[in-house]
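Here is a walk through one structure, strand by strand. Keep the sequence and the 3D view side by side as you read.

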Amino acid sequence: MSAQTATTATSTQNWAVLGPGSIARRFLSQLSSSTAGATLVAAGSSSTERAQAFADEAAEHGFADVAARTYDEVLADPRVDAVYVSTVHTGHAALVLAALAAGKAVLCEKPLSPNHGTSMALADAARQAGLPLVEAYMYRFHPQTAALLDLVRQGAIGEVTHIDASFAFRAGGRTGRLFDVDTAGGGILDVGGYPVTMAAAIVQAASGEQVAEPTELTAAGTLGPTGVDEWTVAELTYRNGITANLRTGVRVQDDNAVVVHGTTGKITLTDPWTLGDDPTIEVRTVDEDPRTLSFAGEHPYAREADATTAALAAGRVDAPEFTLDESLAAARTLDKWRAAIGLRFPFEAETADIPTVSGRPLVVAAHEPDRADNPMKYGEVPGVGKRMSRLVMGVDNQPDLAHASAIFDLFAEQGGNVFDTGYIYGGGVLEGRLGKWIQNRGVREDVVVITKGAHTPFCDPESLTRQLLESLERQGTDYADIYMMHRDNEDIPVGEFVDVLDEHRRAGRIRVYGGSNWSTARFDEANEYARANGKHEFEVLSNHFGLAEAYDVPWAGCRHATDAASKQWLEERQVPLLPWSSQARGFFTGRAKPEDTSDAELVRCYYSDANFERLRRARELGEQFGVPATAIALAYVLNQPFPTFPLFGPRTIAEARSSMTGLSVDLTPEQVAWLDLRD
């Protein structure tokens, strides 16, 4: 269902509940207070008995003839406009994807999923479907929360300095979903998201940011005998200096309040989460007598339902009260909180067989390069023996296997099949993470893995061999499609490197080899030696290359190929280039401004009148093509007169999709020259 279809959706507000548990009954108890005329027409469950019991209870709230059905039957019902997903945490993802695929708006209980990796796949599905996906932090839709944020924006307590927020309770016993690691139990995911999202909202109101995340997070707590977090305290610091103390748990009762401290006073909410009959805000400042604001008679569950269908009618993919970007920021913060206390669930461990978020087999689009919905371009490097996507996924920004799996799946589904990793990345963890994903998906012969080793200070033939063998073991494979020395050591005769690389190639451990951060002169020297001694030559180069000319490099030992002589060398020899930092480390994203010199590295490497003119031209051309300047910068690399396979390192699915828009841009040689100031 497209965004246009969603905009013109029927005005009736027919709801279905998927997962008729206790939280769904609270939703049911308030739905009749909807101001948009919401009505319940179906209840879905894996148990027809539970669905029927819920349907019977719905009649007591004024909803007659509620159909009790299976999940699939509910989603196939054309009467249903929106669904409320309220199963256990680990059941959310599959139902959200199925509901979006069925053209339904979705209100999903918090958390969207147990981790950020899965959550960003759900957000991407909503954006691609053009349908609302709203995370059901119902307090965000209550007038009390709106009033609190207004007070902060208005400076009612001066500048905000600190936030204290808690949501913790004592469960009767260590049984049920809250204490089950297989259903992502514990306090952080069940109720810890409330103080996390509240603190972020307050920081956003105080700073004007659209989305706020902590720059620092430390935490301590207790994991109970079942393996879930039973009590934990986190200390957060935000970019503008605001700090927060957050507490959550399922075995310790806390005050469950929010206190916002400012330079002239404080604001207190004693009922921020459950929002009973008369929640209040108390404001105390140095200049005024204490005052209390009351918010009696509200129905937040009905309000979040109405916000979801309002988003559907408006053609939005989220609700302004709590956006998808805020959901994703919260998921990242919750991941960090769990990591800080050493909590990872068995189903997301580095050794886990993590399936696709949909549960369906991965579609490797590289098998169908001519498919209409495959945006990728392809090329070949002689000797690899596989078609290669022109865009290469950098394996260096994936914090855990769940995150890596989600973004690698998206890349493969969009036609990508080349992955770049290195012996030193993440201390070896990232190589293993890629290898585990490949094993889980069964795609070793479908992908091209670039492996790099021999990094300074271990840049010698012996270290190369040791690291290559260790890399292959980490990845769970017996060969590297492409192997590159990550640095050069010009104190060692180049023939010694050629000899050992050739030996591994003849043994089948390497198919193609080359150099990363090698000078063109040394590359030529290596190949002269190879030809003279009957060895395989270097066949690929990976240096910094992009639209912005580099005046320095970010790390010691790096080499760039942005100067005119290097470009001429590449064109003459037609050496495949696998350039890194083709988008100049954010120069083309809008971060670079002549008056902003806060990023010393960006200034040192790229600031010049010529590069700012290249940026201006990239923006101008981007307007003509309807893409951002970053896409033009990528297209510049892809449209060179020599073969290029640019590396990119997206941290999210959204970043990956944004970068891949550059695949749709075909530049003429004249446009390439104009961008490079050679007109």
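Phe419 stands opposite Val449 of strand 19. The model in view is predicted. Strand 18 covers residues 418-422, and strand 19 covers residues 448-453. The two pair in the parallel sense, over five bridges.

Now widen the view. Strands 18 and 19 belong to an open sheet of seven strands, ordered 22-21-20-19-18-17-23. The pairing in this sheet is parallel. At the edges stand strand 22 (540-542) and strand 23 (647-648). Each has a single partner strand, so one side of each is left without a neighbour in the sheet.

Helix 11, residues 401-413, packs on this sheet. The helix touches strand 17 (392-394), strand 18 and strand 23. Its direction makes about 175 degrees with that of strand 17.

Next, move to strand 10, residues 243-249. Is this strand largely enclosed or exposed? Buried here means under 20% relative accessible area. Six of the seven residues of strand 10 are buried, so the strand is largely enclosed by the rest of the structure.

Which strands pair with strand 10? One is strand 7, residues 160-168, which runs parallel to strand 10 and is joined to it by seven bridges. Within this pair, His162 stands opposite Thr243 of strand 10. Another is strand 9, residues 229-238, which runs antiparallel to strand 10, again with seven bridges. Here Thr232 has Thr248 as its bridge partner in strand 10.

Strand 9 and strand 10 form a hairpin, with four residues between the strands. Look for Gly241 in this hairpin: it takes a positive phi near 95 degrees.

Note on methods. Residues numbered from 1 in each chain as written. Predicted model: local features only at pLDDT ≥ 70, side-chain atom pairs only at ≥ 80, totals over all residues. Heavy atoms only, no water. Buried < 20%, exposed > 50% of the residue type's maximum accessible area, 1.4 Å probe, protein only. Pairing = 2+ DSSP bridges. Contact = heavy atoms within 4.5 Å. Axes fitted to C-alpha atoms, helices over the stretch in contact; angles between N-to-C directions.
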